[in-house]
Amino acid sequence: MSAFAYLDHNATSPLRPAAFDAMVEALRAGGNPSSVHRAGRAARSRVDAARRHVAALIGALPAEIVFASGGTEANNMAIAGSGRQRVLASAVEHDSVLKSAPDAEIIPVDREGVVDLAALERLLVRHGEPALVSVMLANNETGVLQPIADVVRLARQAGALVHCDAVQAAGKVRVDLHGLGVDYLSLSAHKLGGPTGVGAMAIRSGAPFAPDRRGGGQESNRRAGTENVAGIAGFGAAAEASRDGLAVEGLRDRLERSLLAIAPDARAFGAGAPRLGNTSCISMPGVKAETQVMALDLAGLCVSAGAACSSGKVHRSAVLAAMGVEDAVAETAIRISFGWNTDSDDIERLIAAWRDLYTRVSQSDIRQARAA
Ligand code: PLP
């Protein structure tokens, strides 16, 4: 058994061996893809190969892919580059969307975390200014999948453009830029077993885009700056390795069934909606998420409190709040997320540690109640 079980793939997924090898090769070879000599041409061909793999992962044309520094930059680029001043964003978007459109009109979600299409329709017709609608494909905390094709249909009727943050979906479920019909789609390498600090935005051919970086003409004048060749090579290898998606819902269902049998009052959030097979956002009644994360860490398990931010502090989950979950319950929710290297031993280990903690806390509650 390994020293610890890593069950926090939605935060970052460990580097896939193929990505590691591609990066080491690219780092050894060096070269600037804009140079015309052989070293430059070799670097260019690594970037081009990666572009083909990333495009194939999402059914895009290679020319529609713009490499960037990650999902955050891709989301920022799409929102600013669309040129639309009016933005409609769902209540459960990642901060990199919500903070780049601070005046966005918020599309509410239902109790399962699915966008309210009737509310979107009302917002779209409220006034005539052409909008950008930003709705993610899969939520990072709950894994809930959004009905993007319906969002696009409504947006098109109102002349709106559509951005879709597919950072958590790509490599887990099928993503098809043209099938979805969105104009902009964001990706991040490290969520699918590539390196951190690299991602991409796909821009559908014909969609408007105004770059806001000034510099060289890289990425067909859409994102200035010398490309992160090793990172992009690692992204390409990870994209290629994740083309079949993740088939882990069996593990997730077994986990949830076991935890709900241990604590029948526990709740699995978003379980009534279509969702990613790798994500479980589940509460342990009466036990704060931070306590669970620390106790599970001591037992050799890495999971997260749903809404840990960059400072590592745990904030109230805006996603669970938008789903109408009471604060006292949301505070007891942790996120468990699987990936390419998760196996059933990891799940058994988690079930055992979760049971241990829950039993310890319940017994001490009973002792306290008796003493009172
Ligand atoms: N969008 C979603 C849904 C995410 O979960 C994340 C990362 O947590 C991001 C965007 C940001 O991606 P990156 O870490 O590559 O900047």
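Buried area is the accessible area, taken with a 1.4 Å probe, that two parts lose on being put together, summed over both. That quantity helps in reading this predicted model, whose chain is divided into two domains.

Start with the layout. Domain 1 is built from two stretches, 5–13 and 246–371. Domain 2 covers 17–241. The C-alpha centres of the two domains are 29 Å apart.

Now look at where the domains meet. Domain 1 puts 27 residues in contact with 28 residues of domain 2. About 2,100 Å² is buried between domain 1 and domain 2. Carbon and sulfur atoms give 55% of that area. On the domain 1 side, pick out L276, V319 and M323. These residues supply 28% of the area that domain 1 buries against domain 2, more than any other three residues.

Next, the polar side of this interface. Between domain 1 and domain 2 there are 14 residue pairs in polar contact, counting pairs with both residues at pLDDT 80 or more. Salt bridges are another matter: the rule finds zero across the interface of domain 1 and domain 2.

Which elements of domain 1 face domain 2? Strand β9 (279–283) and helix α12 (318–322) each supply at least two residues to the touching side. Helix α12 gives the most, with three residues. By class, the side of domain 1 that touches domain 2 holds 14 nonpolar residues, 11 polar ones and two charged ones.

One residue to follow here is L145. It is found in the loop between β5 (131–134) and α6 (148–157). Leaving out residues up to four places away in sequence, L145 touches L137, A138, V173, P274, R275 and L276. L276 is also one of the three residues named above for the area that domain 1 buries. V114 is 31 residues from L145 along the chain, yet their C-alpha atoms are separated by 7.3 Å.

Turn to the ligand. It has 14 residues around it. Which come nearest? They are T72, D165, Q168, S188 and K191. Two of these have side chains that can be paired with ligand atoms. An N or O atom in the side chain of D165 is 2.6 Å from a nitrogen atom of the ligand. An N or O atom in the side chain of K191 is 2.7 Å from an oxygen atom of the ligand. G71 uses its backbone: one of its polar backbone atoms is 2.8 Å from a ligand oxygen.

Finish with charge pairs. Side chains of opposite charge can pair when their charged atoms come close. The whole structure holds 18 salt bridges. One of them joins the side chains of E227 and R44, at 3.5 Å from N to O. E227 lies in the loop between α8 (218–221) and α9 (229–241), and R44 in helix α2 (residues 38–57), so the pair ties together parts 183 residues apart in sequence.

Definitions and conventions: Residues are numbered from 1 along each chain as its sequence is written. This is a predicted model: local features need pLDDT of at least 70, side-chain atom pairs count only at pLDDT 80 or more; totals for chains, interfaces and linings use all residues. Side-chain values use heavy atoms; hydrogens and water are left out. Domain bounds come from an automatic or database domain assignment. Contact means heavy atoms within 4.5 Å. A salt bridge is a side-chain nitrogen of Lys or Arg within 4 Å of a carboxyl oxygen of Asp or Glu. A polar contact is a pair of N or O atoms within 3.5 Å; within protein, one must be able to donate a hydrogen and the other to accept it, and residues adjacent in sequence count only if both atoms are side-chain atoms. Helices (H or I, at least four residues) and strands (E, at least two) are DSSP runs, numbered from the N terminus. Ala, Val, Leu, Ile, Met, Phe, Trp, Tyr, Cys and Pro count as nonpolar, Asp, Glu, Lys and Arg as charged, and the others, Gly among them, as polar. A residue is near a molecule or strand if one of its heavy atoms lies within 4 Å of it.
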